[in-house]
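Colleague: I have a model open and would like to talk through how its helices pack and where it leaves empty space. Could you take me through it?

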Amino acid sequence: MTDDSVLGLALGGGGAFGAAHVGVLQVLQERGIRPGIATGTSSGALLAAAYAAGHEADEIEAAARTFRWSHIARWSLRPRWGLLDTHAVTDAVHRLLGEDPLIEHLPRRFGAFATDLRTRRGVLLDSGRLSVALRSTIAVPALLPPVRHGDMLLADGGMIDNVPVGAARKLGAARVIVVRLHAKWENVRMMRTLTRTADLVNDPSVILVQPEMERMAQWTMTDVPRLIAEGRRAATEALDAAALRGAPALSSVA
């Protein structure tokens, strides 16, 4: 299996729903599909970063099954911007990777999508310390503090675009596997998708994977095994449908 430098992966955010991405990554690995570009928003960025850092699907699954919110946030002693402190992310990155690497040194291209609270514009973080990018994209206002980065004040990318397809294209993706964490009852105002689902379905350069999150917990880890299984189901369905449509084999994109 070789990385495809122009095949992108765009992983949406959604708290614990992000565990579904693990199942998607498992199916891709089993089919020999290795995107060379990985982008994500919020929890999607955490999974995309693990993939971009070179971790195999079984390693990512093990991390997801033992994940606790304390791995990325602790109670803040100075709760001016948020109740929790995300410096735990830096510790987690060191623990998993042995260092806090520069994004540009990762084995695969990576970008975390965040929101600049000062300009209300989306920001693609594809260079600099990995921990800074991850702390930025998960920063839910009032709960997790925004991150100062130059002149920007960065927070959860889901406020602008929860499915960063454009970020993957900006990094050079010609085709994109998009994973939109979906729930039929979804009415979360913070989580926005700039590109309409219908546009993604009709775009021949996109394979849209939509795990169904209905009746699964978004803010506790109780449903992680079910979420992983649902990610597998949705990825298998989407890839099989793409093959039936006669889409070019993903592993042969050049």
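**Helix packing and empty space**

Modeller: Let me start with helix 2 and helix 5, whose axes come within 8 Å and cross at roughly 155°; please keep in mind throughout that this is a predicted model.

Colleague: How are helix 2 and helix 5 oriented, roughly parallel or roughly antiparallel?

Modeller: An angle over 145 degrees counts as roughly antiparallel, and helix 2 is therefore roughly antiparallel to helix 5. As for handedness, helix 2 passes helix 5 in a right-handed crossing.

Colleague: Which residues make the contact there?

Modeller: On the side of helix 2 they are A45, L46 and A49, while helix 5 brings L130, L134 and T137. Sorted by class, the residues of this contact of helix 2 with helix 5 come out as 5 nonpolar and 1 polar, with no charged ones.

Colleague: And what about helix 4 against helix 5, what angle do they make?

Modeller: The axes of helix 4 and helix 5 cross at roughly 135° and come within 9 Å. Since angles from 115 to 145 degrees fall outside the parallel, perpendicular and antiparallel ranges, helix 4 and helix 5 are therefore oblique to each other. Their crossing is right-handed.

Colleague: Which side chains should I click on for that one?

Modeller: Helix 4 makes the contact through V89, T90, V93 and L97, and helix 5 through L130, S131, L134 and R135. The classes in this contact of helix 4 with helix 5 are 5 nonpolar, 2 polar and 1 charged.

Colleague: Moving on, how far apart are the axes of helix 1 and helix 3?

Modeller: The axes of helix 1, residues 20–30, and helix 3, residues 57–65, are 9 Å apart, and the two helices pack at an angle of about 165°. That angle makes helix 1 roughly antiparallel to helix 3, and helix 1 passes helix 3 in a left-handed crossing.

Colleague: Which residues touch?

Modeller: From helix 1 there are V22, L25, Q26 and Q29, and from helix 3 there are A57, I60, E61 and A64. In the contact of helix 1 with helix 3, 5 residues are nonpolar, 2 are polar and 1 is charged.

Colleague: Now the empty space: how many cavities of 30 Å³ or more are there?

Modeller: The count comes to 1 cavity of 30 Å³ or more, and the largest cavity holds about 60 Å³ of space. Its lining consists of L25, L28, Q29, I33, R34, Y51, H55, E56, A57 and I60, with helix 1 and helix 3 being the elements that give two or more residues.

Colleague: Which helix gives the most to that lining?

Modeller: Helix 1 does, with 3 residues. By class, the lining of the largest cavity has 6 nonpolar, 2 polar and 2 charged residues.

Colleague: And the largest pocket, how much space lies in it?

Modeller: About 630 Å³ of space lies in the largest pocket. It is lined by 29 residues, of which L46, A50, A63, F67 and L96 are the closest to its centre.

Colleague: Which helices supply that lining?

Modeller: Helix 2 (43–52), helix 3, helix 4 (88–97) and helix 5 (130–137) each supply at least two residues to the lining of the largest pocket, and helix 4 gives the most, with 6 residues. The lining of the largest pocket divides by class into 21 nonpolar, 6 polar and 2 charged residues.

Definitions and conventions: Residues are numbered from 1 along each chain as its sequence is written. This is a predicted model: local features need pLDDT of at least 70, side-chain atom pairs count only at pLDDT 80 or more; totals for chains, interfaces and linings use all residues. Side-chain values use heavy atoms; hydrogens and water are left out. Axes are lines fitted to C-alpha atoms, for helices over the stretch in contact, and angles run from 0 to 180 degrees between N-to-C directions. Helices (H or I, at least four residues) and strands (E, at least two) are DSSP runs, numbered from the N terminus. Angles under 35 degrees count as roughly parallel, over 145 as roughly antiparallel, 65 to 115 as roughly perpendicular and the rest as oblique. A crossing is left-handed if the near helix is turned anticlockwise from the far one by less than a right angle, and right-handed if clockwise. Contact means heavy atoms within 4.5 Å. Ala, Val, Leu, Ile, Met, Phe, Trp, Tyr, Cys and Pro count as nonpolar, Asp, Glu, Lys and Arg as charged, and the others, Gly among them, as polar. On a 1 Å grid over the protein atoms alone, a cavity is a set of points where a 1.4 Å probe fits but cannot get out, and a pocket is an open set with protein on both sides within 12 Å along at least five of seven lines; lining residues have an atom within 4 Å of a point. Grid points are joined across faces, edges and corners, and a volume is the space filled by probe spheres set on the points.
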